[in-house]
Amino acid sequence: MKIFLTGGTDGIGLSALKTLLTSGHQLYVTYRNSKKLEKIKSSLRVFYENKKLSFFECDLAEPEDIDKTIAAIKKLNIKFDCLINNAGAILFKKSFNSMGIEKVFATNHLGPFYLTNSFLKENFINRGGRIINVGSSAHQSAVLDFNNLDSSNSRSWYERYSRSKLCNLLFTLELSKKTSNENIQVNCVHPGIVNTNIAQEHKGILQFIIKLVLNFKGISPAEGADTLVYLATNDTAGNLSGKYFIKRKQAVPSKEALKHDVAVRLWQESIKILDRFFS
Ligand SMILES: NC(=O)c1ccc[n+]([C@@H]2O[C@H](COP(=O)([O-])OP(=O)(O)OC[C@H]3O[C@@H](n4cnc5c(N)ncnc54)[C@H](OP(=O)(O)O)[C@@H]3O)[C@@H](O)[C@H]2O)c1
């Protein structure tokens, strides 16, 4: 399979990358940190040299970067069997992308939304293909505020993050309807509480506490990657769409994540934000 993976340079994504490569799949991975890229290239040299592994520089919080990635893929004339929207961030300090959109929303929802829609528009995904969105059980407590969709007014980092993860579920729900005619399956995964470097962008007491919790309570990145690898490659899993998975099993998301009107509105508002930027 040809698999496009975002956020394959660390944590769950890096672990999924290694498993998928060793199972014989061809991987196309986004990165934004050149040091990490060089380290991965050297540790996975055999795959890189045999053209089983390629990289695209892309900050998913920046739609212009996504456009560059799309243009690069077009030149290479590749079609994928699977797109894994894994990249994600927890940021304790509010920060904004070049459009003035809060970065957690921009990275965790708007970027994957724009990337995925661009893939579909350019016909980059084969019929029978799969899209996997990496969400989180953190969505359970979240409710979107359409007067402040990027949560830039919110003082709580957890609210900003959990809302962005609710967006992953709602996006999965609506996208699965839109892609059903093309026979493309779309699902969302909660990887578990995983011992990764998430939330380590800046150093501080909160980062320290989160690291401790993940160290003591978290499963390994390989265990965290298991369900998304399963959804990407397993034949049975390929028949389901619009679903939420935990530990390889279908799970029930929050009531909010199942509201079609909210999913439709999120879609429309996301398009409006992007249109404003590109007009
Ligand atoms: N860890 C958990 O307990 C947990 C629980 C539930 C859900 N999740 C979800 O799992 C996914 C992966 O998280 P993780 O725990 O593996 O975190 P991680 O170790 O921090 O890895 C995150 C990956 O996303 C990339 N990334 C972050 N912001 C980006 C941006 N603006 N543009 C492009 N790439 C970006 C990172 O790139 P760099 O290498 O450049 O930083 C890295 O490759 C996320 O969607 C997260 O919400 C994690």
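**Note on the predicted model**

1. Lys51 is exposed, with 8 other C-beta atoms within 10 Å; here a residue counts as exposed if 12 or fewer other C-beta atoms lie within 10 Å of its own, as buried if there are 20 or more, and as partly exposed in between, with C-beta atoms placed from the backbone. Lys51 is found in the loop between α3 (45-49) and β3 (53-57), where helices (H or I, at least four residues) and strands (E, at least two) are DSSP runs numbered from the N terminus. Its phi is near 60°, which is a positive value in a residue other than glycine.

2. The structure is a predicted model, in which local features need pLDDT of at least 70 and side-chain atom pairs count only at pLDDT 80 or more, while totals for chains, interfaces and linings use all residues. Residues are numbered from 1 along each chain as its sequence is written.

3. A positive phi in a residue other than glycine is also found at Lys247, where the value is near 50°. Lys247 lies in the loop between β7 (243-246) and β8 (249-251), and it counts as partly exposed because it has 14 C-beta neighbours inside 10 Å.

4. Turning to the strands, β4 (residues 80-85) is joined to β5 by 5 bridges, and the two run parallel; strands are taken to pair if DSSP finds at least two bridges between them. Within this pairing, Asn85 has Asn133 of β5 as its bridge partner. From β4 the chain crosses through helix α5 (residues 103-121) to β5 in a right-handed β-α-β crossover, a term that applies if, with the strands pointing away from the viewer, the path from the first strand over the helix to the second runs clockwise. Another bridge partner in β5 is Ile125, which is matched with Phe80.

5. Strand β4 also pairs with β1 (residues 2-5), in the parallel sense and over 3 bridges, with Phe4 standing opposite Leu83 in β4. Strand β5 (residues 125-134) is in turn joined to β6 (residues 185-190) by 5 bridges, and these strands run parallel; Ile132 has Asn187 of β6 as its bridge partner. Both β4 and β5 are mostly covered, since 5 of the 6 residues of β4 are buried and 7 of the 10 residues of β5 are buried.

6. The largest nonpolar core has 67 residues, a core being a set of buried Ala, Val, Leu, Ile, Met, Phe, Trp, Tyr and Cys residues joined through C-beta atoms within 7 Å. Among the residues with the most contacts inside this core are Ile3, Ile84, Ile132, Leu228 and Ala232. In soluble globular proteins, nonpolar side chains tend to be buried together. Leaving aside neighbours within four places in sequence, Ile84 is in contact with Ile3, Phe4, Leu5, Thr6, Ile132, Leu228 and Ala232; two residues are in contact if their C-beta atoms, placed from the backbone, lie within 7 Å.

7. Around the ligand there are 28 residues, of which Gly7, Gly11, Gly88, Ser136 and Thr196 come nearest; a residue is near a molecule or strand if its C-beta atom, placed from the backbone, lies within 6 Å of it. The shell divides into 10 nonpolar, 14 polar and 4 charged residues, with Ala, Val, Leu, Ile, Met, Phe, Trp, Tyr, Cys and Pro counted as nonpolar, Asp, Glu, Lys and Arg as charged, and the others, Gly among them, as polar. Helix α1 (residues 11-22) gives the largest share of this shell, 3 residues.

8. Thr19 is also found in helix α1 and is partly exposed, with 17 C-beta neighbours inside 10 Å. Although Thr19 and Asp226 are 207 residues apart along the chain, their C-alpha atoms are separated by 9.0 Å. Not counting residues up to four places away in sequence, Thr19 touches Ala225 and Val229.

9. Tyr161, in helix α6 (residues 157-178), is buried, with 25 other C-beta atoms within 10 Å. Beyond its neighbours within four places in sequence, it is in contact with Ile90, Val104 and Ala138. Phe277, in helix α9 (residues 260-278), is by contrast partly exposed, with 16 other C-beta atoms within 10 Å, and touches Pro63 and Met99 when residues up to four places away in sequence are not counted.
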